[in-house]
Amino acid sequence: MNIIKLDSTDSTNNWLIQNEHSVESPALVFCISQTAGRGQRGNSWESEPGKNITASIIFHPENFPAHQQFKISEAVALTLTDYLDDKGVDAKVKWPNDIYVGDKKICGILVEHVVTGRNLSRTIAGFGLNLNQKEFLSDAPNPVSLSQITGKEYNLEEEIKEVANRLEKSLAKLNETDFHNKFLRNLYRHDGLHHKFYDRVRNENIKAKILTVAPEGILTLKTDKGETRDYAFKEVEFIINER
């Protein structure tokens, strides 16, 4: 995979969108200082310059149906959990695709597609992985870094090369690998217990357990009152740290 290093940019996803026609795909672009990293629901991503992996990959899936696009999110998320597992960290995927260690967020992912006809024609997957940062100054309630967990310091560019190689291998096997069942096995709070959620559709807090996630990405919860509810992206929020 082609690896491109930037000293600074607002967002690696934005940079790839603006420069995609001059970049040979597949490619990974990373930057030392990302000034306006984007996350789910328009959130920003805090990253101390030179301390974390702030990167995006671009590739052009061949004959990949648009309705299966969640499989790409699964592949990216599971590649990153495998990477963390090999560092001795028990990481889980918080639906739809954040990475958590316990109740702390170590990685955020933002996947953006272009659809042509019935197929995906271009995918950009951005991720911010907390690597060496020791102190977080934003009001994000639950960040953690790999270094905080393991007590080790990591070489940024060596870790980026490792992640890039892993992603290239995973994405080359999209049609051969059962990412979905592995995703369910590695799903945060998929433990049969009731947890707190905020239902954005009904504007209410609920207690529910995760029943499953469909291959298309729909989350199914069962409330403590026995009601089954299905949610698309952005329709429900995990309540982790109440203030």
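Buried means under 20% relative accessible area, exposed over 50%, and partly exposed in between, with a 1.4 Å probe and protein chains only. This is a predicted model, in which local features need pLDDT of at least 70 and side-chain atom pairs count only at pLDDT 80 or more, while totals for chains, interfaces and linings use all residues. Residues are numbered from 1 along each chain as its sequence is written, and side-chain values use heavy atoms, with hydrogens and water left out.

**Stop 1: strand S5.** Select residues 53-59, strand S5, where seven of the seven residues are buried. Helices (H or I, at least four residues) and strands (E, at least two) are DSSP runs, numbered from the N terminus. Ile53, Ala55, Ile57 and Phe59 point one way from S5, and Thr54, Ser56 and Ile58 point the other way.

**Stop 2: the neighbours of S5.** Add strand S2 (residues 27-34), which runs antiparallel to S5 and is joined to it by four bridges. Ala27 has Ile58 in S5 as its bridge partner. Next add strand S9 (residues 119-129), paired with S5 in the antiparallel sense over seven bridges. Here Ile58 has Ile124 in S9 as its bridge partner, and Thr54 stands opposite Gly128.

**Stop 3: the whole sheet.** Extend the selection to the open sheet of seven strands, ordered S1-S2-S5-S9-S8-S7-S6, with mixed pairing. Strands S1 (2-9) and S6 (92-94) stand at the edges with a single partner strand each, so one side of each has no neighbour in the sheet. Neighbouring strands are turned by 25 degrees against each other on average, direction ignored. Two strands pair if DSSP finds at least two bridges between them; axes are lines fitted to C-alpha atoms, for helices over the stretch in contact, and angles run from 0 to 180 degrees between N-to-C directions.

**Stop 4: two helices.** Show helix H1 (residues 12-19), which lies across S1, S2, S5, S8 (104-116) and S9, at about 30 degrees to S5. Then show helix H2 (residues 70-86), lying across S5, S6, S7 (98-101), S8 and S9, at about 150 degrees to S8. Contact means heavy atoms within 4.5 Å.

**Stop 5: two cis bonds.** Most residues other than glycine have a negative phi, and most peptide bonds are trans. The Ser25 to Pro26 bond is cis, with omega near 0 degrees, and Pro26 sits in the loop between H1 and S2. The bond from Trp95 to Pro96 is also cis, with omega near 0 degrees; Pro96 is in the loop between S6 and S7.

**Stop 6: the second sheet.** Move to the open sheet of five strands, ordered S13-S12-S11-S10-S14, with antiparallel pairing. Its edges are S13 (228-231) and S14 (236-238), each with a single partner strand, so one side of each is left without a neighbour in the sheet. The twist averages 45 degrees from one strand to the next. Select S10 (residues 195-199) and S11 (residues 204-213), which run antiparallel and are joined by five bridges. Asp199 stands opposite Glu204 in S11.

**Stop 7: two loops with positive phi.** Asn203, in the loop between S10 and S11, has a positive phi of about 55 degrees although it is not a glycine. At 56% relative accessibility, Asn203 counts as exposed. Lys234, in the loop between S13 and S14, has a positive phi of about 75 degrees.
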